[in-house]
Amino acid sequence: MSKVVFSGIQPSGNLHIGNYIGAISQWVKLQDLTESIFCIVDLHAITVPQDPKVLRDKVLEVAALYLACGIDPKKSHIFIQSENPNHSYLAWVLNTIAPFGQLERMTQWKEKSVKHEENAGLFDYPVLMASDILLYQTDEVPVGEDQKQHIELTRDLAERFNKRFGETFKLPVPVIQKETARIMSLQNPAAKMSKSDNDPLGTINILDTEEQIREKVKKAVTDSDPSVLKMHEHMNFMMEEHQGIGNLLTIYAAFKGYNFHDAWKENSDKSYQDFKDGLANLLIFELAKIQKRYNEIRNGEKALRKILDEGRNYALEKSSVTLRKVKEKVGLI
Ligand code: AQP
């Protein structure tokens, strides 16, 4: 039997190249080898304030982007989290065994509760995420580095439940691609590229125009030392000491399908300006292909809705098997 892979993205803003490189591009590779389930996690998105009209549109935008980036509905199941109520049901059950202290230690909670108004949903976010994953008896969760802590919590909750009520959940493992796990902001290379970044120049969105991409790459932070590109070829050193230029090389490598060293070799004798021109051209070329497919999919919304309906039916059926076991074990009729 093939492995089960589950992952998702919040429709909480514009999808950016960090989401693409860190998550979706991995999913595209995995779907050929596994039973792949990809979710649009709208219940997670409402843990920070959303405009209802915009949210509704963003859910479809994210679904269409999954497809445009290469998720194939013949190989993968795509659905909207809120259309399967089993997720919030299991989250409630897992809440009753989730240690408060461990939730308080979650980095994302610490960061987001400062940025946004605190609410219980934001605090409980990782328990809902654990439910998303455990409902499908998931083997692997392909994510960016920032989500590793949440997968560890998921495993802890599964172990705790299994110990108390008997074997129920499979323990999932995170799949994190070392080189591209953390794409950083173009303006503040010490912080990860994020949908909720207040500085629009820090983030390149998948649907950005050619002009926007050129401007953002042109203004990206490089280094005060002009010789960094020539002198340093080691990724770890670059990402620690010269993060700005290291991050741009990582992005270049990801879109070329190279490793970091090959990306460095191709650009090491260039000035920052020439390197940036090349990077901008590469991004414009590659993102234009995704954008073209995206526009076609958005124009045929009926077909998109059909894919999401099929995904929902599949998700409901598969997750109900696990939820039934949980209810029996816990004593819920
Ligand atoms: N900068 C990143 N580099 C690599 N991977 C990343 N991911 C997010 N940012 C980067 C990965 O994308 C997937 C979906 O993330 P999400 O939307 O569910 O939540 P997030 O991690 O909180 O993403 P953002 O962009 O930072 O959104 P906001 O600003 O709304 O919180 C995950 O696999 C994540 O690891």
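In this predicted model, a polar side-chain atom of Gln-147 sits 3.4 Å from an oxygen atom of the ligand. Two lysines make contacts of this kind as well: for Lys-192 the distance from a polar side-chain atom to a ligand oxygen is 2.8 Å, and for Lys-195 a side-chain N or O atom is 2.3 Å from an oxygen atom of the ligand. Of the 640 Å² of accessible area that the ligand has on its own, the protein covers 97%. Two elements, β1 (4-9) and α1 (17-30), each give two or more residues to the surrounding shell, and α1 provides the largest share with four residues.

The shell comprises 22 residues, and the closest are Lys-112, Asp-146, Ser-194, Lys-195 and Ser-196. By character, eleven of the shell residues are polar, six nonpolar and five charged.

Turning to charged pairs, the structure contains 18 salt bridges. One of them joins the side chains of Lys-3 and Glu-140, with an N to O distance of 2.9 Å. This pair connects distant parts of the chain, since Lys-3 belongs to the segment before β1 and Glu-140 to strand β4 (residues 140-142), 137 residues apart. Lys-3 is partly exposed at 44% relative accessibility, whereas Glu-140 is buried at 14%.

A similar reading applies to Arg-298 and Glu-301, whose closest N and O atoms are 3.0 Å apart in a salt bridge: Arg-298 is buried at 17%, while Glu-301 is partly exposed at 32%. Within helix α15 (residues 301-330), Lys-306 and Glu-310 lie four residues apart, about one turn of the helix, and form a salt bridge at 3.4 Å. Finally, Glu-83, Arg-305, Asp-309 and Arg-312 are joined in a salt-bridge network.

Conventions:
Residues numbered from 1 in each chain as written. Predicted model: local features only at pLDDT ≥ 70, side-chain atom pairs only at ≥ 80, totals over all residues. Heavy atoms only, no water. Near = heavy atom within 4 Å. Polar contact = N/O pair within 3.5 Å; in protein donor to acceptor, adjacent residues only side chain to side chain. Areas by Shrake-Rupley, 256 points an atom, 1.4 Å probe, with all protein chains shown as cover. Nonpolar A, V, L, I, M, F, W, Y, C, P; charged D, E, K, R; others polar. Salt bridge = Lys/Arg side-chain N within 4 Å of Asp/Glu carboxyl O. Buried < 20%, exposed > 50% of the residue type's maximum accessible area, 1.4 Å probe, protein only.
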